[in-house]
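Here are my notes on the model, point by point. Please read them with the structure open.

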Amino acid sequence: MGWLEQVKWNDDGLVPVITQEFETKQVLTLAWLNKEALKLCAETGHAVYWSRSRQKLWHKGEQSGHQQIIKSIRLDCDNDAVLLEVVQKGGIACHTGRHHCFFNKLEEGRWQATEPVLKDPKEIYS
């Protein structure tokens, strides 16, 4: 059995992927991979995801320039979740212009943005 077949893909042919900054261990995002995306990650050394909303491969940084260079690809003990350890180019991983996607924190029963916008998304995706 090949390494791609060892992954437990869900009914949609996807597996969740946590992307973590290699040096700081900061969790940058949670996304999805299909077989082609995971294969491209391994072959190119750049993060490639499956966009569920657009139903197509998403090469991280293809529009923004904020690429993720892969340092390691890991599979969890149940073979149903992937971890990418990456170097985040440009310091911005989130489409909102923030360093990471987990910027909302539950405080007193409300979600509060706790991370600053580093660059206006209109400047990133023009």
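1. Strand 3 and strand 4 run antiparallel and are joined by 4 bridges. One pair to look at is Trp50, whose bridge partner in strand 4 is Leu57. The two strands make a hairpin, with 4 residues between them. Bear in mind throughout that this is a predicted model.

2. The turn of that hairpin deserves a look. Gln55 sits in the loop between strand 3 and strand 4, the latter covering 56-59. Its phi is positive, about 55°, although Gln55 is not a glycine. Is Gln55 buried or exposed? The relative accessibility of Gln55 is 52%, so it counts as exposed. The cut-off for exposed is over 50%.

3. A second hairpin comes later in the chain. Strand 7 (residues 104-107) and strand 8 (residues 110-113) are antiparallel, with 4 bridges joining them. Glu107 stands opposite Arg110 in strand 8. Here 2 residues lie between the strands.

4. The turn of this hairpin holds another positive phi. Glu108 belongs to the loop between strand 7 and strand 8. Its phi is near 55°, again in a residue other than glycine. Glu108 has 84% relative accessibility and therefore counts as exposed.

5. Now the sheet. How many strands form it, and in what order? There are 4 strands, ordered 2-1-6-5, in an open sheet with mixed pairing. Strand 2 and strand 5 (68-75) are the edge strands; each has a single partner, so one side of each lacks a neighbour in the sheet. On average, neighbouring strands are turned by 25° against each other, direction ignored.

6. Within this sheet, check the pairing of strand 1 with strand 6. It is parallel and runs over 5 bridges. Ile18 has Leu83 of strand 6 as its bridge partner. As background, strands of a sheet pair through backbone hydrogen bonds, either parallel or antiparallel.

7. The largest nonpolar core has 23 residues. Val17, Leu33, Tyr49 and Leu84 have the most contacts inside this core. At least two core residues come from each of strand 1 (15-21), strand 2 (27-33), helix 1 (35-44), strand 3 (48-51) and strand 6 (82-88). Helix 1 gives the largest share, 4 residues.

8. Ala31 is a useful residue to inspect. It is placed in strand 2. Its relative accessible area is 5%, so Ala31 is buried; the cut-off is under 20%. What does Ala31 contact, leaving aside its neighbours within four places in sequence? Its contacts are Val15, Pro16, Val17, Tyr49 and Trp58. Two of these names, Val17 and Tyr49, are also among the core residues with the most contacts. As for Thr19, it is 12 residues from Ala31 along the chain, and their C-alpha atoms are separated by 7.8 Å.

9. Look also at Glu5, in the segment before strand 1. Is it a surface position? Its 45% relative accessibility makes Glu5 count as partly exposed. Lys35 is 30 residues away along the chain, yet the C-alpha atoms of Glu5 and Lys35 are separated by 8.8 Å.10. Next, the overall layout. The protein has 2 helices and 8 strands. Along the sequence they follow the pattern β-β-α-β-β-β-β-β-β-α. Among contacts between residues at least 6 apart in sequence, 40% join residues at least 24 apart.

11. Last, the global values. For 126 residues, a compact globule would have a radius of gyration near 14 Å; the protein has 15 Å, which agrees. The C-alpha trace spans about 45 × 35 × 30 Å along its principal axes. Buried residues make up 36% of the 126 residues. The exposed area of the protein is about 7,700 Å², and carbon and sulfur atoms supply 49% of it.

Technical notes:
Residues are numbered from 1 along each chain as its sequence is written. This is a predicted model: local features need pLDDT of at least 70, side-chain atom pairs count only at pLDDT 80 or more; totals for chains, interfaces and linings use all residues. Side-chain values use heavy atoms; hydrogens and water are left out. A nonpolar core is a set of buried Ala, Val, Leu, Ile, Met, Phe, Trp, Tyr and Cys residues joined through side-chain atoms within 4.5 Å. Buried means under 20% relative accessible area, exposed over 50%, partly exposed in between (1.4 Å probe, protein chains only). Two strands pair if DSSP finds at least two bridges between them. Axes are lines fitted to C-alpha atoms, for helices over the stretch in contact, and angles run from 0 to 180 degrees between N-to-C directions. The radius of gyration is taken over C-alpha atoms; the globule rule is 2.2 Å times the number of residues to the power 0.38. Contact means heavy atoms within 4.5 Å. Accessible areas come from the Shrake-Rupley method with a 1.4 Å probe; for residues, only the protein chains shown count as cover.
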